[in-house]
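I set out here, entry by entry, what I looked up in this structure. The entries are kept short for a reader who has not met it before.

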Amino acid sequence: MSKAPPAPPSLDVLRKEIDTIDGEVHRLLMARGDIIDRLIQVKQTQEVGSAFRPAREADMMRRLVQRHRGILPLDTVESIWRVIISTFTFVQAPFSVHADTSLGEPAMRDSARFHFGFTVPYLAHFSATAAVEAVARSKGDLALVSAVDSRTPWWIALEADGAPKIIARLPFIERADHPAALPVFVVSRVADSAMVTEVEMWSVRVSGWNAQVARALSPLAEIVAVPDTAFDGAALLVPVAGAESLKTIKSALIEAGASVRSSALVGSHARRYTVTPNGAAT
């Protein structure tokens, strides 16, 4: 006679297993806090600049996606990790998030809360320029501004030496149904060693900007363009990655009939990491 299959564990047994895991998760979080406390003493993070480390965070989030499996939604595990990372960053060196809400407050607030949690202070501003100016006056605060649209060429303020720079593009993990899907740039001061330079961000000022020039550039890069009356043209925020060099962008502008007035590096960020609906990363 074949043996009967073993009886499934009782609900009480399964709940005790969950309680054990919960306790271990909490213990590990406290152990992480102990390490951060030692890290503060070693790094002496009271120096000028943010404790935000975009290169390390981008790498951590990519590894999170690569190892994730099971029924727990990726959105949930990403948001848990974002709160853990941001809160411990805040513990190292307190900072605030200055958000540009000129293009819509709810989406920007969702993005800020998803990526930085509720411990980090959230300060709303009525323009990207105001958010960036607040960061420029701060010790290590962050500004969040839209990465796809703008009413003002706020990035011009990043051209000067010593000015804050674009240090990240959020979300680190992109997908069509992301709960904080608004693409935003993070602007701050961080150490050069903390920067990730997979995508450079350039401020380019041109004259002769029109729809034809915009169409010529659209296959090369996602450009944010704002009328720039000082040059009777436009101020452009241009991402440059891989084979798409700044020289290529400038050549396309000139061939389309525009004139390049100036260009300046205003930051950099990690390459976009996209997850498809079936969970595949690209």
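**Entry 1: two packed helices**

I began with a helix pair in this predicted model. Helix α1 (residues 11–43) packs with helix α3 (residues 74–92) at an angle of about 35 degrees, and their axes lie 10 Å apart. I noted that the crossing of α1 and α3 is right-handed. I then looked up the residues that meet. From α1 these are L29, R32, G33, I36, L39, I40 and K43, and from α3 they are I84, F88, V91 and Q92. I sorted the residues of this contact of α1 with α3 by character and recorded 7 nonpolar, 2 polar and 2 charged.

**Entry 2: F90 in α3**

I stayed with α3, since F90 also lies in that helix. Is F90 buried or exposed? Its relative accessible area is 18%, and the limit for buried is under 20%, so F90 counts as buried. Leaving out residues up to four places away in sequence, I found that F90 touches F95, T119, V120 and P121. I also looked up a separation: the C-alpha atoms of F90 and A7 are 48 Å apart, with their positions 83 residues apart along the chain.

**Entry 3: the protein as a whole**

I next turned to the overall figures. I recorded 7 helices and 11 strands in the secondary structure of the protein. The C-alpha trace spans about 85 × 50 × 30 Å along its principal axes. Of the 282 residues in the protein, 44% are buried. For contacts with a separation of 6 or more, I noted that 76% are made by residues 24 or more positions apart.

**Entry 4: E57 in α2**

I located E57 in helix α2 (residues 54–67). Its relative accessibility is 4%, so E57 counts as buried. What does E57 contact, leaving aside its neighbours within four places in sequence? I listed F52, R82, I85, T89 and F172.

**Entry 5: S146 in β3**

I found S146 in strand β3, which covers residues 142–146. S146 has a relative accessible area of 7% and is therefore buried. Which backbone nitrogen does the side chain of S146 reach at 3.2 Å? I recorded that of V148. A polar atom of the S146 side chain also lies 3.2 Å from the backbone nitrogen of D149. Not counting residues up to four places away in sequence, S146 touches L103, M108, W154, P183, V184 and F185.

**Entry 6: a cis peptide bond**

I checked the bond that joins L170 and P171. This peptide bond is cis, with omega at about 0 degrees. I placed P171 in the loop between β4 (165–170) and β5 (173–174).

**Entry 7: helix α7**

I asked which residues of helix α7 (residues 246–255) are buried. They are L246, I249, A252 and L253. Why do these buried residues line one face of the helix? Seen down the axis of α7, they fall within an arc of 125 degrees, so they share that face. I added a general note: an α-helix has 3.6 residues a turn, so residues three or four places apart point the same way.

I then looked at what surrounds α7. Its buried residues pack against β7 (199–207), α6 (211–217), β9 (233–241) and β10 (259–269). On the face turned away from the buried side, I found the exposed residues K247, I254 and E255. Just after α7, G257 takes a positive phi of about 105 degrees.

**Entry 8: A216 and D228**

I looked up A216, which has its place in helix α6. A216 has a relative accessible area of 34%, so I entered it as partly exposed. The C-alpha atoms of A216 and R109, 107 residues apart along the chain, are separated by 34 Å.

My last residue was D228, found in strand β8 (residues 224–228). At 10% relative accessibility, D228 counts as buried. Apart from its neighbours within four places in sequence, I noted that D228 is in contact with R205, G233, A234 and A235. D228 and T20 are 208 residues apart along the chain, and their C-alpha atoms are separated by 60 Å.

Methods:
Residues are numbered from 1 along each chain as its sequence is written. This is a predicted model: local features need pLDDT of at least 70, side-chain atom pairs count only at pLDDT 80 or more; totals for chains, interfaces and linings use all residues. Side-chain values use heavy atoms; hydrogens and water are left out. Helices (H or I, at least four residues) and strands (E, at least two) are DSSP runs, numbered from the N terminus. Buried means under 20% relative accessible area, exposed over 50%, partly exposed in between (1.4 Å probe, protein chains only). A polar contact is a pair of N or O atoms within 3.5 Å; within protein, one must be able to donate a hydrogen and the other to accept it, and residues adjacent in sequence count only if both atoms are side-chain atoms. Contact means heavy atoms within 4.5 Å. The arc is that of the directions from the helix axis to the C-beta atoms. Axes are lines fitted to C-alpha atoms, for helices over the stretch in contact, and angles run from 0 to 180 degrees between N-to-C directions. A crossing is left-handed if the near helix is turned anticlockwise from the far one by less than a right angle, and right-handed if clockwise. Ala, Val, Leu, Ile, Met, Phe, Trp, Tyr, Cys and Pro count as nonpolar, Asp, Glu, Lys and Arg as charged, and the others, Gly among them, as polar.
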